[in-house]
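Work through the exercises below with the predicted model in view. Each task is followed by a solution that goes step by step.

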Amino acid sequence: MKKIYLIIFLLTTLGSFSQEKFTITGTVKDANSGETLIGVSIIEKNSSQGTVTNEYGFYSFTLTKGVHTIEISYMGYDLYKTKVQLTENKELNIDLQESTESLEEVVISAYTEKISIKKAEMSVNKMKVQTIKEIPAVLGEVDVLKSIVTLPGVTNAGEGQSGFNVRGGAADQNLVLLDEATLFNSSHLFGFFSVINADAIKDLKLYKGGIPSKFGGRISSVLDIHQKDGNKYEFHGNGGIGLLSSRLTLEGPIQKKKASFFVSGRRSYADLFLPIVQPDNKSKAYFYDLNTKVNWEVDSKNKLYLSGYFGRDIFSLGTTFVNEYGNAVANLRWNHIFNSQLFSNLSLIYSNYYYGLEISVAGFQWDSGLENYNLKYDLKQYFNDDIAINYGVQAINYVFNPGKIQPSEPGTGIETNQIAKKYAIENAIYVDVEHQLNENIDLRYGVRWSNFLRLGESEINVYNGSPVLYNEDTKLYEQATPIGQVDMDKSKVRKTFNNLEPRFSIAYALNNKSSFKASYQRMAQYIHILSNTQSPTPLDIWTPSGEYIKPQLSDQIAFGYSRDFNNMYSLTAEIFGKTVKNRIDYIDGAELVAQEAIESVILNGKARAYGLELMFKKEEGKFNGWISYTLSRSEQQTTGRTADEVGINNGNWYATGYDKTHDLTVIANYKASKKWKFNSSFNLQTGQPVTYADGSYGYLGLNIPNYGPRNSKRLPLYHRVDVSATYVPEKYESKKWKGEWVFSVYNLYNRQNASSISFGQDENNETGTTRNITERLTMFGIIPSVTFNFKF
């Protein structure tokens, strides 16, 4: 660490003696709400040197002594200009006014693009909340995760599937952060809707590559989401009433200009109408979530934030079947500014995922889940206008509950059984340097050292050799039987892993309009979802790395080109290649639920993904939108451990369940007038990989299908069009509330997209014989909806 500081010191001091320099620092806020703004561009007009605000709205900018013209710009806000006389370090806090003229927004876009094109930041997508809300969705329910699927390189396993996939990675390889707290399950209603309430979101950024060193623990992507802080000046509210759910958000000052609160709730209510249709029906199916935040500006150098999220899905068939699952997170943060060049953030975070199931006819109750306690300290040192260094430490304590079964009531004959809980600690130290080498070259480089400690637990299975056996006669893998069990105190370490994760990005600006970029990253993942379905389900179990499950290690390189056209249009093109070591695979017929010897059904394989991503975007004007296209391949391979073993799928590469060769999305928005605006989206993608029967044979009078190689076939081509129209009634100056109606149609031309193909047998046919049949399942046809949104 001392050597790194020495190098940086030498770089920053060379040539610095000729001119005296001073630092401008401050926070940029919304003038109407006091909400801090993320990613605001601060530019010195004459030199075009610039910086952006961090995730807390803070910036630091070093300039030479003298008079400077500073321009502050942010999409959707008026351009702010000021002259600064620098004779000493200066604090400059800025309040930006929301823009009312579309022409001004075009000007702001130009400054924003200038910064992003020159910065060594690639494979990163940012989405405004208003953009997310304009994308048509199922039943008019605004969905953050479904919105990012419209971006290049991002897809999901299929319609109605949970999670999302980035650059050929699995859903559990994405780190989803809400105010720095990990969300282990990102979906409501088994994947139909996102747990993220768009009304609660201030900023969203998706890292697909070139991921900064401060992030770790997953190998595909980071979705970094920040909640609103709350209005510090006035009390306000907004909400919406739709066919599926309603939502309400309240915010306001606790102490004007010093402290504020924010609370946002959402609930679906299909279950409330069931008794009306069927009075005797006791079934329920609904979800709810609650976002909260309190912030206090102690003084100019200290701020405190307390934020939280709680969400649940409830599904029941009377009292015979009850299913409940969801997330709970809390985060206490302290921002401290040591001086004009050193910013810090200390966070204490709690995350929990719970899954519960009760089946009264079987007489049992099942509970499982995962919780972690996360302590992290991040600092950013602004050395000058060319170099800034980010560094910090992190420690996470995990508690895994694979499952506990107990009787739902006395006399059921079910005995209480707790599958041994698992414990682990993940530590990390990182350093990350932002370095503008000269006018044309911008660098970002760093390294993360990660350490994972698998701790002791009770009932550790002991084997005479490998927990997975290979049957040479059947050419299949089988579970080994443990020869015994041992207990180890959870304060002792069973297995230790250490990994260095270097990161590097470079941008070479040809001019203010275009640049070439490249990046390399290595990332390690120590916890994994156990699932043999195409996409995650609420029942899936997380498990830590250990003696038999190795950490996943990913190496990714990417090359890109960015171009801005006339400050109105932009084009990005990227190619990427990624390899993954120790990708989990499962033996044929693996049973994962309530599995007390999970190591006996798992094999370690490898994966690879590569592709091309294109995005053409028009952000401003009455007509705007984007076109994104991805051409990619995602494959997995598990070879035999010895020359005698055939491996999985005969040791051949096979397509992952979320491989989509072609993925095209077109988003088009048109603002016809102050009252009407229209939005549409078109999506076309290659069908999901599946395993089909390629023949059959008779056995004991039954016709048994014979399945071909894994994922060697595909579902039919997927495509659909969604449209929406927003009507804003005439506003009256005397009224403090505003409203709008949103009319939308999902799957406009009623495309019957196949969600799955299943195989069965038909005995009721003309020949009187049994024959194999296939059945096609479609999730959604055409779905019209209407939503009323309001604010006051």
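**Exercise 1.** Find which element gives the largest share of the lining of the second largest cavity, and describe that cavity.

*Solution.* Begin with the share itself: strand E12 contributes three residues, the largest share of this lining. Next, take the space enclosed, which is about 240 Å³ in this second largest cavity. Then turn to the 21 residues that line the second largest cavity, where Phe184, Asn185, Ser186, Ile529 and Trp542 lie closest to its centre. Finally, sort the lining by class, which gives eleven nonpolar, seven polar and three charged residues.

**Exercise 2.** Describe the lining of the largest cavity, and state which element supplies the largest share of it.

*Solution.* The largest cavity holds about 400 Å³ of space, and the structure has 15 cavities of 30 Å³ or more. Its lining consists of 28 residues, with Lys146, Val149, Arg720, Asp722 and Tyr746 nearest the centre. Two or more lining residues come from each of H4, E43, E44 and E49, and the largest share, four residues, belongs to E44. By class, 13 of the lining residues are nonpolar, nine polar and six charged.

**Exercise 3.** Locate Ile148 within the largest nonpolar core and list its contacts beyond its neighbours within four places in sequence.

*Solution.* The largest nonpolar core has 31 residues, and Ile148 is among those with the most contacts inside it. Helices H3 and H4 and strands E12, E16 and E17 each supply at least two residues of this core. Once the neighbours within four places in sequence are left aside, Ile148 is in contact with Met127, Val154, Phe164, Leu204 and Leu223. A second, separate core of 22 residues includes Tyr325, Leu357, Phe497 and Ala524.

Key. Residues numbered from 1 in each chain as written. Predicted model: local features only at pLDDT ≥ 70, side-chain atom pairs only at ≥ 80, totals over all residues. Heavy atoms only, no water. Core = buried A, V, L, I, M, F, W, Y, C linked by side-chain atoms within 4.5 Å. Buried < 20%, exposed > 50% of the residue type's maximum accessible area, 1.4 Å probe, protein only. Contact = heavy atoms within 4.5 Å. 1 Å grid on protein atoms, 1.4 Å probe; cavity = no way out; pocket = protein on both sides within 12 Å on 5 of 7 lines; lining within 4 Å. Points joined across faces, edges and corners; volume = space filled by probe spheres on them. Nonpolar A, V, L, I, M, F, W, Y, C, P; charged D, E, K, R; others polar.
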